[in-house]
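Here is a short briefing to read alongside the structure. Keep the viewer open, and let's walk through the strands, a helix and some side-chain pairs together.

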Amino acid sequence: MAQFDVRSLTPHDRYNLITGTVGPRPIALITTINESGGVNAAPFSFFNVLGADPPIVAFTPGFYYTMPPRLKDTGVNVLANKEFVVNMVTEELTTAMNIAGADFPEMHSEIEAMGVTLSTSRQIKPPRILESPVNLECVLVRTVEIGQNQVLFGEVVEIHIKDDLIDPKRMHVRYDRLNYLGRMAGGSGVYSTTRDLLIAPRVSYEQVRADLKDAHSK
């Protein structure tokens with residue numbers, strides 16, 4: 001088995017190893033508003049949900065490789081306005097997501113090129129993307145800097161889910177209908193989908209103990 005002392009590697013090699021080994025990673029297509037009131041959209045796979053009471057998500061916006069490094073537009077907008085929308089990415093949004101990931105000139109919106117439809121959020125100013133089946137309205141609650149990583153934590157204050165994906169009485173999401181996209185190795189353009197699901201119900205300690213006892217008795 002290959003072994004690597006991570007602290008001795010270059011930043012590029014560390015990026016390749018960590019993004020190549022941790023996956024698939026969910027993708028947040030994040031919409032924000034810039035200082036001129038324009039809408040910015042960008043995808044992030046350094047993203048996940050980290051808690052439920054209250055619901056907390058976190059992402060790392062990253063920096064442009066300039067000298068000195070400059071925080072990407074999404075990070076600038078969130079720090080300025082304290083609000084953002086996470087639009088979950090499905091396979092159908094692959095092309096739009098890729099367009100949003102291009103380096104558009106500063107103060108130029110990606111929305112028209114993406115061909116998506118914006119809709120007003122209920123509790124915050126940044127709009128959501130209607131083509132996404134799930135939108136999370138978020139407010140910034142904390143920022144943590146670790147080395148060159150700036151992690152932004154957001155509290156989810158409103159959740160939008162398309163009607164055919166939710167049983168509102170049971171609060172049950174139809175995960176089998178969510179064709180989410182996941183990011184694999186970084187920089188390679190390789191993704192996975194959730195079309196092929198593996199169902200493995202959780203077991204109790206008593207069940208595990210009984211199964212082990214049964215196996216030892218054979």
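## A hairpin to start from

β11 and β12 make a hairpin with 2 residues between them, and Gly-147 in its turn has a positive phi of about 60°. Please bear in mind that this is a predicted model. From the hairpin we can move out to the sheet around it, then to the helix lying across that sheet, and then to the surface.

**The seven-stranded sheet**

- The two hairpin strands, β11 and β12, are joined by 12 bridges in the antiparallel sense. Within that pairing, Arg-142 has Phe-153 in β12 as its bridge partner.
- β11 also pairs with β8, again antiparallel, over 5 bridges. Here Val-85 is matched with Glu-137 in β11.
- These strands belong to an open sheet of 7 strands, which reads β3-β2-β8-β11-β12-β5-β4 with antiparallel pairing. β3 (39-44) and β4 (47-52) each have a single partner strand and stand at the edges, so one side of each has no neighbour in the sheet. From one strand to the next, the twist averages 35°.
- At the β4 edge, 5 bridges connect β4 to β5 (residues 55-59), and the two strands run antiparallel. Ala-52 stands opposite Pro-55 in β5.
- Gly-51 is also part of β4. Is Gly-51 buried, exposed or partly exposed? Its relative accessibility is 28%, so Gly-51 counts as partly exposed.
- For a sense of distance, the C-alpha atoms of Gly-51 and Ile-124 are 21 Å apart, with their positions 73 residues apart along the chain.

**The helix across the sheet**

- Which strands does helix α2 (residues 73-81) lie across? They are β2 (28-33), β3, β5, β8 (83-88), β11 (134-146) and β12 (149-161), and α2 runs at about 55° to β2.
- Several residues of α2 are buried, including Asp-73, Thr-74, Gly-75, Asn-77 and Val-78.
- Just after α2 comes Lys-82, with a positive phi of about 65°.

**The small sheet**

- A separate group of 3 strands forms an open sheet in the order β1-β15-β16, with antiparallel pairing. β1 (25-26) and β16 are the edge strands, each with a single partner strand, so one side of each is left without a neighbour in the sheet.
- β1 and β15 (residues 181-183) pair through 2 bridges in the antiparallel sense. The bridge partner of Pro-26 in β15 is Gly-182.

**A nonpolar patch on the surface**

- Tyr-15, Ile-18, Val-22 and Phe-46 form a nonpolar surface patch, and together they have about 340 Å² of accessible area.
- Phe-46 sits in the loop between β3 and β4. With a relative accessible area of 36%, Phe-46 is partly exposed.

**Salt bridges**

- How many salt bridges are there? The count comes to 5, and three of them are described below.
- One of them joins Arg-195 and Glu-91, whose closest N and O atoms are 3.5 Å apart. Arg-195 lies in the loop between β16 (191-193) and α5 (205-217), and Glu-91 in the loop between β8 and α3 (94-100), so the pair ties together parts that are 104 residues apart in sequence.
- In that pair Arg-195 is exposed at 60% relative accessibility, whereas Glu-91 is partly exposed at 28%.
- Another is formed by Arg-122 and Glu-158, with 3.4 Å between the closest N and O atoms. This pair links distant parts of the chain, 36 residues apart: Arg-122 is in the loop between β9 (118-119) and β10 (128-129), and Glu-158 is in strand β12.
- Is Glu-158 buried or exposed? Its relative accessibility is 15%, so Glu-158 counts as buried, while its partner Arg-122 is exposed with a relative accessible area of 66%.
- Asp-167 and Arg-170 also meet through their side chains in a salt bridge, at 3.9 Å from N to O. Asp-167 is partly exposed at 26% relative accessibility, and Arg-170 is exposed at 60%.

Terms used
Residues numbered from 1 in each chain as written. Predicted model: local features only at pLDDT ≥ 70, side-chain atom pairs only at ≥ 80, totals over all residues. Heavy atoms only, no water. Pairing = 2+ DSSP bridges. Helix = DSSP H or I, 4+ residues; strand = E, 2+ residues; numbered from the N terminus. Axes fitted to C-alpha atoms, helices over the stretch in contact; angles between N-to-C directions. Contact = heavy atoms within 4.5 Å. Patch = residues over 30% accessible without salt bridge, like charges linked within 9 Å, V, L, I, M, F, W, Y side chains within 5 Å. Areas by Shrake-Rupley, 256 points an atom, 1.4 Å probe, with all protein chains shown as cover. Salt bridge = Lys/Arg side-chain N within 4 Å of Asp/Glu carboxyl O. Buried < 20%, exposed > 50% of the residue type's maximum accessible area, 1.4 Å probe, protein only.
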